[in-house]
Amino acid sequence: MAAVDVVVMAAGKGTRMKSGLPKVLHRLGGRALLAHVIEAAAGLSPRRVVVVTGHGAQQVDEAVQGFAKAAGLAACQCVLQSPQLGTGHAVQQALPLLPEDGTCLVLNGDVPLIETATLQALVAACGGERLALLTVDMPDPTGYGRIVRAGEAVQAIVEHKDASEAQRAINEVYTGFMAVPNRLLRGWLGRIGNDNAQREYYLTDVVELAVQDGLTVTAMKVADRVQVDGVNSPLQLAELERAYQLRGARALMEAGVRLADPARLDVRGHLACGQDVEIDVSCVFEGEVSLGDGVRIGAHCVIANARIEAGALIRPFTHIDGEKLGVEVGEGAELGPFARLRPGARLGAQVHIGNFVEVKNSTLARGAKANHLAYLGDATVGERVNYGAGSITANYDGANKHRTVIEADVHVGSNCVLVAPVTLGAGGTVGAGSTITKDTPAGALSVARGKQVTIANWQRPVKKPRA
């Protein structure tokens with residue numbers, strides 16, 4: 001099969017989005033629309049990918065290389081279409097980068113749910129020697145180019161504004177995806193004109209030119225319309241978001257994941273699940289998240305960039321955000337409800353983090369517990385430590401962060417302040433209400449608080465009556 005050169009149309013303004021952001025950079029499933037398209041194209045191992053930019057070109061150009069890297073492509077090349085004179089004119093800007101050999105696959109940067117398998121079938125239909133179009137039947141085809149056939153053979157694509165009443169009654173429409181030999185495309189683009197209602201150069205005119213040249217034009221109809229649905233408004237973006245999430249939810253359930261309600265799941269990145277994973281309603285997963293065998297996720301959790309090992313229980317309303325440092329939750333650990341793990345949190349096996357406990361850039365060894373209303377920041381916590389309610393590590397002095405070390409089997413009482421840098425020796429106990437500013441010895445009881453004073457028969461002040 002001939003080499004594939006991909007051209008992605010991404011020059012449109014997206015007026016109906018009513019946004020300053022270029023349309024192709026709006027997000028679906030946590031990633032830009034254009035990123036989805038480039039990922040689908042990457043599955044073909046193309047020789048090159050050319051993105052045609054226009055409105056917001058600088059923003060799109062800067063984003064494209066990141067999308068290409070994430071998709072495993074060496075690079076994408078961007079070409080500017082200015083002014084925008086139609087789809088045919090857009091592809092003309094890419095022609096200097098397309099060698100004579102090979103097949104040009106034309107994609108749309110605002111159609112994010114196209115699948116690699118569909119693109120592979122379209123390229124195969126082209127076969128390196130004919131024009132192949134991707135079409136779909138629409139109940140209401142208003143605004144789309146109609147497929148005009150003579151029997152099974154495609155004769156032309158007629159844009160809605162230029163179509164007759166009879167042609168507007170046709171339900172089969174062109175999706176904006178085509179595969180065509182580069183050598184033929186080059187000749188046809190040199191012959192198209194702009195004698196139409198929009199005074200634009202339509203890429204679809206190459207169909208009529210192919211017919212004039214006596215070549216076969218084949219049309220491959222896609223049954224799954226969501227693959228070719230584009231985004232032109234916030235409403236359409238929201239509709240595609242739900243379609244995308246439901247597609248992902250079905251794939252998870254087919255792999256054995258138990259979802260309480262597939263309509264109430266949002267994956268905005270990549271979610272990998274082991275066996276017997278259970279996920280309750282209204283959970284959001286962002287970035288790279290891995291759930292081991294038997295993990296249970298309670299309702300309304302938000303989890304980003306985290307690895308959660310087998311048997312862990314994440315109770316409702318827990319928030320885990322690993323950002324760049326990531327978060328690790330050990331085997332059989334229990335979190336929440338209402339717990340928060342921030343970047344750099346590393347929890348060992350059987351660790352318990354309870355309600356309204358925050359952990360940041362800290363390591364907790366096997367069996368450590370912080371069950372209520374506590375903060376652990378920049379800390380190293382040993383095995384079986386019990387960290388009391390209301391206790392905090394004072395890790396920031398206004399300029400620098402300092403580390404707290406709590407060795408194995410330490411018991412920290414309620415409402416303590418550990419002023420870093422400080423080390424609590426193994427097996428020690430810190431009395432409730434203490435402010436610890438110095439290292440404590442192993443096995444000792446350390447208490448640092450004001451002496452209690454009692455004044456007998458003390459009377460509270462009484463307000464004086466107003467004059």
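**Questions about a predicted model**

Colleague: What do the buried residues of α3 pack against?

Modeller: The buried residues of α3 pack against β1, β4 (48–53), β5 (77–80) and α6 (182–189), where a contact needs heavy atoms within 4.5 Å. Helices (H or I, at least four residues) and strands (E, at least two) are DSSP runs, numbered from the N terminus. This is a predicted model, in which local features need pLDDT of at least 70 and side-chain atom pairs pLDDT 80 or more, while totals for chains, interfaces and linings use all residues. Residues are numbered from 1 along each chain as its sequence is written, and side-chain values use heavy atoms, without hydrogens and water.

Colleague: Which residues of α3 are buried?

Modeller: In α3, they are Gly 88, His 89, Ala 90, Val 91 and Ala 94. Buried stands for under 20% relative accessible area, exposed for over 50%, and partly exposed for values in between (1.4 Å probe, protein chains only). Across the chain, 47% of the 467 residues count as buried.

Colleague: Why does Asp 110 count as buried or exposed?

Modeller: Asp 110 has 15% relative accessibility, so it counts as buried. Asp 110 sits in the loop between β6 and α4 (116–126). Leaving aside residues up to four places away in sequence, Asp 110 touches Lys 23, Val 24, Leu 33, Asp 229, Gly 230, Val 231 and Asn 232.

Colleague: Which residues are the closest to the centre of the largest pocket, and how much space lies in it?

Modeller: The largest pocket holds about 1600 Å³ of space. Of its 45 lining residues, Lys 23, Thr 87, Asp 110, Gly 143 and Asn 232 are the closest to the centre. The elements that each supply at least two residues of this lining include β1 (4–10), α3 (87–94) and α8 (234–254).

Colleague: What makes a space a pocket?

Modeller: On a 1 Å grid over the protein atoms alone, a pocket is an open set with protein on both sides within 12 Å along at least five of seven lines, whereas a cavity is a set of points where a 1.4 Å probe fits but cannot get out; lining residues have an atom within 4 Å of a point. The second largest pocket has a volume of about 840 Å³. Among its 32 lining residues, Arg 31, His 36, Glu 39, Tyr 244 and Gly 269 are the closest to the centre. To this lining α8 gives the most, seven residues.

Colleague: How do you know whether the chain is spread out or compact?

Modeller: Its radius of gyration is 31 Å, well over the 23 Å that the globule rule gives for 467 residues, so the chain is more spread out than a compact globule. That radius is taken over C-alpha atoms, and the rule is 2.2 Å times the number of residues to the power 0.38. The C-alpha trace spans about 105 × 70 × 40 Å along its principal axes. The chain has eight helices and 38 strands.

Colleague: Why is the peptide bond from Gly 336 to Pro 337 called cis or trans, judging by omega?

Modeller: Omega is near 0° for that bond, which is cis. Pro 337 is in the loop between β21 (334–335) and β22 (340–341). Ala 420 and Pro 421 are also joined by a cis bond, with omega about 0°.

Colleague: What is the phi of Asp 378?

Modeller: Asp 378 has a positive phi of about 50° although it is not a glycine. With 6% relative accessibility, Asp 378 counts as buried.

Note on methods
Grid points are joined across faces, edges and corners, and a volume is the space filled by probe spheres set on the points.
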